[in-house]
2 protein chains.
Amino acid sequence: MLSDIDRLRRFNRAVTREVGALDHSYLGRGRPLGAARVLQLVTAGGTDVARIRDQLALDSGLMSRLLRALEDEGLVETGADPADRRRRIARLTPTGAAENAAYRAIGHLAAETTLARAGRQGPALLAAMDLIATQLLHDVTEIVDADPDDPAALICLAAYFQLLLDTIPGLPAEKLPLPLADAPLYRLPQGAFLIARSDGLPIGCASLRPLEPGVAEVKRLWVHPDARGQGLARRLMVLLETRARELGYQHLKLDSNSALTEAITLYRRMGWIDCAAYTGFPADVWMEKPL
Amino acid sequence: MLSDIDRLRRFNRAVTREVGALDHSYLGRGRPLGAARVLQLVTAGGTDVARIRDQLALDSGLMSRLLRALEDEGLVETGADPADRRRRIARLTPTGAAENAAYRAIGHLAAETTLARAGRQGPALLAAMDLIATQLLHDVTEIVDADPDDPAALICLAAYFQLLLDTIPGLPAEKLPLPLADAPLYRLPQGAFLIARSDGLPIGCASLRPLEPGVAEVKRLWVHPDARGQGLARRLMVLLETRARELGYQHLKLDSNSALTEAITLYRRMGWIDCAAYTGFPADVWMEKPL
DNA sequence: GACTATACCTGACTGTAGTCAGATATAATT
DNA sequence: AATTATATCTGACTACAGTCAGGTATAGTC
């Protein structure tokens, strides 16, 4: 009936209308959209002007003018960055903080309306939005170091363990340690915990911990279903291997389960080879890779 | 980690960027966006100016000017509507048709890039887009009369029959007649076939056919899963009852299966009551309603 | 046939986004 | 110390979207 292209066009029309309506509602506060957008990105603690300009992709001249208008209104104050006095930092005044909160409230209300309208389809709607945002923001997915006790890390681990439970037959739920009992091992200088974030949302992780002298173990490689098929697991692994090399390891090992076919295929493609068993159930595949 | 609101905001950012990129690519043809948008809505066969203006929510002055600019470029011709000489109809010239095709190609390319980037997640991406568009366009869902052999009707019926197969235990696939063997019965003046469309996409149907003198039968009520929970089934039924009344029927009947709990709950809420069996398997529920 | 409503057009105007060239201050490099 | 690069600012400019009041032709109504 509708071709793929038509379906995409229909989606575009729908969200254009929705986003347009939100933008229009921001105008209710008597300020042009550009200024409103800038104001929403300024924090009470202070935000780099360059960062805001970057995020909104604004010309430096325009940015300067918008900021000046907000200053004239008494909503923000700017000062030089002490670390580099060419750079400027914008900070909300109390009035500005109130105005900022007002914009937040508008957005909040619009979001709530959308979710309320969806009713019992709300969770499905949000899941669909996550999938689309993850796909569209694919190119800005960033991989960062995190602490193994970080909330984002716990989210990834919980999803990872759930995946294991769903995939490996006969795995008892109580065998999964959360939060990680061995968290310190994943911290510098002996280990690492990498998280992939797509505009804030954690969508993947991979970690490294010491095993024997000169040998580290790769643990808990996970990628959100929405983000699969785009080479994120490979990116995580490449980065993890680099990190292991930097930490002075000469050798990597990992254990896995044969039910996790996708992961094992990836390991083989990246040059991992089977090795002797060094752990027990639920592991039934053991691999290694010299660095 | 991210609240519902944050997830919605993230989605907004992602699609704003995407739509913005598409808009920007339209500028490549050296025409302002407004004119480009209007041109894309003009067809070779002729399109009502009022309709375009309505769809783009343009001021009549602005619309007039944009159209004049396109005329000056030799892309469109306008003439009076013979039925109402106050109204104007815009038609593409050969040059205009070529230009229109160029815009289509740009959009097509952008859509294909998005789908290609999604790779094996493409179908999931499109399904997510359909869900979101259906939710956001909820308020513009329209119900129209259709022919039972219309492609959109066949799509609805195929989905309906698939639903039956998935829901009713022991139903053999070959028992489902498609296209409808009794199609003529669903046409005026004895029957009706209603389709719900959300910006072109068929998302629901309901139909009526004669059963006995003065009695019509309601058949094949279906609503797409994306559109459930928003009262669309009720809207379809209300409209169907009105239509039955207009066609001179005094009484309605229907048969269903007890596995279709949602539908049966709706029928009861709308005043239908159980009646004597008048068909066989797969039906095991029979209801009627006086008009 | 007069009146009112409608569809569209024209001209005059406004506010905003966005661009560009050049100026100024600070930082980094040689 | 001189040079080059970077971050921001200022002023001048353009184009585009959008609004409004008033005008003309046609259609519908009493």
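User: Happy to look at this predicted model with you. What makes the surface near DNA strand D divide the way it does into nonpolar, polar and charged residues?

Analyst: The surface near DNA strand D has five nonpolar, four polar and 11 charged residues. Arg counts as charged and Gly as polar. Among the residues that come nearest are Arg53(A), Arg68(A) and Arg86(B), along with Ser64(A) and Gly34(B). Sugar and phosphate make up 65% of the strand D atoms that come within 4 Å of the protein.

User: How do you know that Arg68(A) makes a polar contact with DNA strand D?

Analyst: The cut-off is a pair of N or O atoms within 3.5 Å. An N or O atom in the Arg68(A) side chain is 2.9 Å from a phosphate oxygen of strand D, so the pair qualifies as a polar contact.

User: And what makes Arg65(A) and Arg65(B) polar contacts of strand D?

Analyst: For Arg65(A), a side-chain N or O atom is 3.1 Å from a base oxygen. For Arg65(B), the distance to a base oxygen is also 3.1 Å. Each pair is within 3.5 Å, so each counts as a polar contact.

User: Which element gives the largest share of that surface?

Analyst: That is α4(A), with five residues.

User: Why is the span of helix α5 of chain A called close to the expected one?

Analyst: Helix α5(A) has 25 residues, and the expected span is 1.5 Å times one less than that number, which means 36 Å. From first C-alpha to last, the helix reaches 36 Å, close to that expectation. After α5(A) comes Gly119(A), with a positive phi near 55°.

How values were computed
Residues numbered from 1 in each chain as written. Chains lettered and ligands numbered in written order. Predicted model: local features only at pLDDT ≥ 70, side-chain atom pairs only at ≥ 80, totals over all residues. Heavy atoms only, no water. Helix = DSSP H or I, 4+ residues; strand = E, 2+ residues; numbered from the N terminus. Near = heavy atom within 4 Å. Polar contact = N/O pair within 3.5 Å; in protein donor to acceptor, adjacent residues only side chain to side chain.
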